[in-house]
Amino acid sequence: MSSRWAVALGLAFACARNPGAAGPPSPLRGYDVVVRGRDSLSQALQGAFARAGYTVRDDVRGGGHMAAALVWWKYVDQEGRGTFEAQVADTRLGHVLAVATIPADTLPGDWQARADLLVRALLSPSP
C-alpha cells in the first residue's frame with residue numbers, strides 16, 4: 001500500500017511541476033532564467049519566473065546549467081498605440097527563444113501583475 005502512495009504522490013508532483021503536458025512545451029523549458037537588474041520590474045520578473053517554477057539567477061555563470069537571459073524589455077509607442085515588449089535568448093548561443101509583445105492598454109497597474117502577464121506571454125509557445 002505504501003508503494004502505491006509513493007507512486008501516486010510522485011506522479012502528482014510530476015504533473016504539477018510540468019503543466020505543459022496538456023499543450024506544447026514552453027520555449028524556455030529546461031533553462032534557468034537570468035534576470036539582471038535591481039529595478040522594480042526586474043525584481044518583479046524574478047519573482048514571476050520563480051513562481052512559474054523556474055530557477056532564477058541574477059547573472060550568467062560559466063559551466064553551469066543551460067540559461068536563458070531576459071535580453072531586453074522596452075515600451076514602444078507606435079502611432080499612439082503603445083506596446084510593452086520583451087525578448088529572452090539562450091546565453092550560450094544567442095538564439096532568441098521567446099518574444100512577447102503586450103498592448104499597453106491591457107497592462108495592469110502594478111509591477112507584479114505586469115511581470116506575471118509578461119512571463120505568461122514569454123512562456124507560451126509562439127505559433
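How many of the 10 residues of strand E4 are buried? In strand E4, which covers residues 81-90, nine are buried, and the strand is mostly covered. Welcome to this structure; please keep in mind that the model is predicted.

## A hairpin of two strands

Let us stay with E4 for a moment. Strand E4 pairs with strand E5 (residues 96-103) in the antiparallel sense, over seven bridges. One of the pairings to look for joins Ala-89 to Val-96, its bridge partner in E5. Together E4 and E5 make a hairpin, with five residues lying between the two strands. In that turn you will find Gly-94, whose phi is positive, about 80°.

## Helix H2 and its ends

Next comes helix H2, which runs through residues 40-51 and so holds 12 residues. From its first C-alpha to its last, H2 reaches 17 Å, close to the 16 Å expected at 1.5 Å a residue. Several residues of H2 are buried: Leu-41, Ser-42, Ala-44, Leu-45, Gln-46, Ala-48 and Phe-49.

What caps the N-terminal end of H2? That role falls to Asp-39, which has a side-chain oxygen 3.2 Å from the backbone nitrogen of Leu-41. Beyond the helix, H2 is followed by Gly-53, with a positive phi near 100°.

Ser-42 deserves a closer look. This residue lies in helix H2, and its relative accessibility is 0%, so Ser-42 counts as buried. The side chain of Ser-42 reaches the backbone oxygen of Arg-36 at 3.1 Å. Leaving aside residues up to four places away in sequence, Ser-42 touches Val-35, Arg-36, Gly-37 and Trp-73.

## Salt bridges across the chain

The structure holds four salt bridges. Three among them are listed here, each with its distance from N to O.

| Acidic residue | Basic residue | N to O distance |
|---|---|---|
| Asp-32 | Arg-57 | 3.6 Å |
| Asp-59 | Arg-36 | 2.5 Å |
| Asp-116 | Arg-51 | 2.5 Å |

Start with the salt bridge between the side chains of Asp-32 and Arg-57. This pair links distant parts of the chain, as Asp-32 is in strand E1 (residues 32-34) and Arg-57 is in strand E2 (residues 56-57), 25 residues apart. Are these partners buried or exposed? Asp-32 is buried because its relative accessible area, 12%, is under 20%. Arg-57, at 7% relative accessibility, also counts as buried.

Then there is the salt bridge that Asp-59 forms with Arg-36. Here too, distant parts of the chain are linked: Asp-59 is in the loop between E2 and strand E3 (67-78), while Arg-36 is in the loop between E1 and H2, 23 residues apart. Asp-59 is partly exposed, with a relative accessible area of 35%. For Arg-36 the value is 53%, which is over 50%, so Arg-36 is exposed. Arg-36 is also the residue whose backbone oxygen the side chain of Ser-42 reaches.

The remaining pair in the table brings us back to helix H2. Asp-116 and Arg-51 meet through their side chains in a salt bridge. Asp-116 is in helix H3 (residues 111-123) and Arg-51 is in helix H2, 65 residues apart, so this pair links distant parts of the chain as well. Asp-116 counts as partly exposed at 24% relative accessibility, whereas Arg-51 is exposed, with a relative accessible area of 52%.

Notes: Residues numbered from 1 in each chain as written. Predicted model: local features only at pLDDT ≥ 70, side-chain atom pairs only at ≥ 80, totals over all residues. Heavy atoms only, no water. Helix = DSSP H or I, 4+ residues; strand = E, 2+ residues; numbered from the N terminus. Expected span 1.5 Å × (residues − 1). Buried < 20%, exposed > 50% of the residue type's maximum accessible area, 1.4 Å probe, protein only. Polar contact = N/O pair within 3.5 Å; in protein donor to acceptor, adjacent residues only side chain to side chain. Contact = heavy atoms within 4.5 Å. Pairing = 2+ DSSP bridges.
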